[in-house]
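Student: I am new to this structure and would like a close look at a single part of it. Could you take me through one piece slowly, and then show me what lies around it?

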Amino acid sequence: MKQLGEKKLKTRMGATKMEKEMRYSENGLWILKEGDNYRMGLSEKGQDDLGEVMFVELPNTLAEVKENDVLLGVEGAKAVTELLSPLTGIVVQFHTELTDNPEKLNSTDKKDNWILEVKDVEPGAFEKLSAEV
């Protein structure tokens, strides 16, 4: 059943829960759509490209990100680079723990290796991203 442009699923108990949808950017990020918010983190491809992450620089004062804005400066065993946003949106929150614990980006757990969460994203921009890593 659709309501307000969001997908909702009926559970056995009759309650509804928000459907989650995952996409991937070409530059090594995963993007999880959950309700109206989009959380971005470092995908397996990104982890492989960078190697072990040792240092990050978060631009955590941004209120909005645009497509191709710098999300994160990162230093890994294989590369030093800037990761760019695949989406435009209003920043909900940054994962500020990364500043003191950059090794969280080495985790395969998406509860640890996320970078930021945004809202007010154009749905078509998300749909254009790859469904596969």
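How many of the 6 residues of strand S12 (residues 114-119) are buried, and what encloses the strand?

Tutor: Happy to help. A word on the ground rules comes before the strand. This is a predicted model, in which local features need pLDDT of at least 70 and side-chain atom pairs count only at pLDDT 80 or more, while totals for chains, interfaces and linings use all residues. Residues are numbered from 1 along each chain as its sequence is written, and side-chain values use heavy atoms, with hydrogens and water left out.

Now to your strand. In S12, 5 of the 6 residues are buried, so the strand is largely enclosed by the rest of the structure. Here, buried means under 20% relative accessible area, exposed means over 50%, and partly exposed lies in between (1.4 Å probe, protein chains only). For the protein as a whole, 38% of the 133 residues are buried.

Next, the neighbours. The protein has 3 helices and 12 strands; these are DSSP runs numbered from the N terminus, with helices (H or I) of at least four residues and strands (E) of at least two. S12 belongs to an open sheet of 6 strands, ordered S4-S5-S6-S12-S11-S8, with antiparallel pairing. The edges are held by strand S4 (20-24) and strand S8 (64-65); each has a single partner strand, so one side of each is left without a neighbour in the sheet. Two strands count as paired if DSSP finds at least two bridges between them. In general, strands of a sheet pair through backbone hydrogen bonds, either parallel or antiparallel.

On one flank of S12, strand S6 (residues 37-42) is joined to S12 by 4 bridges and runs antiparallel to S12. Arg-39 is the residue that stands opposite Glu-117 of S12. Strand S11 (residues 89-94) also pairs with S12 in the antiparallel sense, over 4 bridges, and there Val-91 faces Val-118 of S12.

Follow the chain out of S12 and you come to Asp-120, in the loop between S12 and helix H3 (123-127). Asp-120 is exposed, with a relative accessible area of 57%. Asp-120 also has a positive phi of about 55 degrees, although it is not a glycine.

Let us go to the edge of the sheet that S4 forms. S4 and strand S5 (residues 29-34) pair in the antiparallel sense over 5 bridges. Met-22 has Leu-32 of S5 as its bridge partner, and Glu-21 stands opposite Lys-33 of S5. The hairpin of S4 and S5 has 4 residues between the strands, and in it Gly-28 takes a positive phi near 95 degrees.

A residue outside this sheet brings us back to S12. Leu-71 is found in strand S9 and is buried, with a relative accessible area of 0%. Leaving out residues up to four places away in sequence, Leu-71 touches a set of residues that includes Ile-115, Leu-116, Met-40, Leu-29 and Phe-94; a contact means heavy atoms within 4.5 Å. Across the protein, taking contacts between residues at least 6 apart in sequence, 52% join residues at least 24 apart.

For a contrast, look at the loop between strand S9 (70-76) and strand S10 (80-84), where Ala-77 sits. Ala-77 counts as exposed at 56% relative accessibility. Beyond its neighbours within four places in sequence, Ala-77 contacts Leu-50, Gly-51, Glu-52 and Met-54. Ala-77 and Leu-50 are 27 residues apart in sequence, and their C-alpha atoms are 6.3 Å apart in space.

One last stop is the loop between S8 and S9, the place of Asn-68. Asn-68 is not a glycine, yet has a positive phi of about 75 degrees, and at 51% relative accessibility Asn-68 counts as exposed. Asn-68 is one of the residues lining the second largest pocket, among them also Tyr-24, Leu-84 and Lys-128. The lining divides into 4 nonpolar, 5 polar and 3 charged residues; Ala, Val, Leu, Ile, Met, Phe, Trp, Tyr, Cys and Pro count as nonpolar, Asp, Glu, Lys and Arg as charged, and the others, Gly among them, as polar. A pocket here is an open set of points on a 1 Å grid over the protein atoms alone where a 1.4 Å probe fits, with protein on both sides within 12 Å along at least five of seven lines, and lining residues have an atom within 4 Å of a point.
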